[in-house]
Amino acid sequence: MDNECITLLIMNHYNGLKKATLDNWDGVAYIGERKHIPTLQKIEQLSYPGIYFLIGSYKETNEKVLYVGKSNNLANRLQTHNSDHNKDWFESFVAFTSKNGDLNSSHAEYLEADFIELAQKNAGSITLDNSCGSNVKKDGKLTNMYMPRVEGYKKKALVIINNLNLLEFMNTGEEKTPKQIPNGDIVFTMNLKRNNKDKTASLEITENGYKLVKGSYVAKDEAPYFSGMSAYKKRNELIDKGLLQDIGDIYITTEDIYFKSPSGASDVVAGSSTNGRTEWKLENGTTLDAYEQRQ
């Protein structure tokens, strides 16, 4: 992959609003907080079509939350959300548009659906606030002629999102060839405890984090203190979303689930506090920690 150069401009005349661009890209991102929204009307590019992300956390659970949207006029749309009591939870935003208005409404509609779909695939690291009736169908929104350009725009947007640590898209939608050590092992496993010692979960390293592989077993028993851990809330979210299926005395993952850390994955699997760097092992006994140090 080629190197990328992100230019980040701190706009002091707009109270510290940030503007991010990439070399050889016609897109632009504006990164700010709620306090910046009243000033956005002064920026011409934010009157263009584009997509946006609202980022914050639910006060009741303290879990990080994301909302994905699109608009023909980003400044107006963000102002509407700023006045909406149902969106009181969001603290910051990222708005993507084009430098010269070349990103049109159809492009934005496709990107909205694509990023909602991508957030759903990142259920291990992202809680999505969009309703069930949100725009999630990409088919028919664009002709094949425009697809390469819009997919290219998405990849550049993800460079900014992931490298500025704005969100945690562990799964970027691209298939990556896993790194291998000499004996060819690429899958890490951990055995469950107590009554299911013969059951295992599988983990793979991805470009942006770790993937709990579809078909992994997850313990149903939980340690007494587990309800106070963030992994407890995440596990319940995964159950509610159907990503952990109850098959009797154990759960099984119905899709690949992405995590930022190996311990985040092993905590969910074990139902207790774990050290994922030593729990996850290759078939030859090499721990994840030893493997990554070797790389």
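Helices and strands are here DSSP runs, helices (H or I) having at least four residues and strands (E) at least two, numbered from the N terminus. The exercises below concern a predicted model.

**Exercise 1.** Determine in which strand threonine 21 is found, and whether threonine 21 counts as buried or exposed.

*Solution.* The first step is the assignment, which places threonine 21 in strand β2, a strand running over residues 17-22. The second step applies the cut-off, under which a residue is buried when its relative accessible area is under 20%; because threonine 21 has a relative accessibility of 15%, it counts as buried. The last step lists the surroundings: leaving aside neighbours within four places in sequence, threonine 21 is in contact with Cys5, Ile6, Thr7, Gly27, Val28 and Lys99.

**Exercise 2.** Carry out the corresponding analysis for leucine 8, stating its strand, its exposure class and its contacts.

*Solution.* Leucine 8 belongs to strand β1, which covers residues 6-11. Partly exposed residues are those between the limits of 20% and 50%, so leucine 8, with a relative accessible area of 39%, is partly exposed. When neighbours within four places in sequence are set aside, the contacts of leucine 8 are Lys18, Lys19, Ala20, Ile31 and Leu164. As for serine 125, which lies 117 residues from leucine 8 along the chain, the two C-alpha atoms are separated by 25 Å.

**Exercise 3.** Identify which residues touch the most other members of the largest nonpolar core, and describe the surroundings of valine 94.

*Solution.* This core holds 32 residues, of which Phe53, Leu66, Val94, Phe96, Phe115, Ile160 and Phe169 touch the most other members. The elements giving two or more residues to this core are the strands β2, β3, β4, β5 and β6 together with the helices α2 and α3. Valine 94 itself, not counting residues up to four places away in sequence, touches Ala29, Tyr30, Ile31, Ile51, Tyr52, Phe53, Ile55 and Leu166. Another core, of 29 residues, lies apart from the largest one and includes Ala223, Leu238, Leu244 and Phe259.

**Exercise 4.** Assess why the radius of gyration of the protein chain agrees with that of a compact globule, and characterise the overall fold.

*Solution.* For 295 residues a compact globule would have a radius of gyration near 19 Å, and the 21 Å of the protein chain therefore agrees with this expectation. The C-alpha trace spans about 60 × 45 × 40 Å along its principal axes. The chain comprises seven helices and 14 strands, and 47% of its 295 residues count as buried. Finally, among contacts with a separation of 6 or more, 64% are accounted for by residues 24 or more positions apart.

Note on methods:
Residues numbered from 1 in each chain as written. Predicted model: local features only at pLDDT ≥ 70, side-chain atom pairs only at ≥ 80, totals over all residues. Heavy atoms only, no water. Rg over C-alpha atoms; globule rule 2.2 N^0.38 Å. Buried < 20%, exposed > 50% of the residue type's maximum accessible area, 1.4 Å probe, protein only. Contact = heavy atoms within 4.5 Å. Core = buried A, V, L, I, M, F, W, Y, C linked by side-chain atoms within 4.5 Å.
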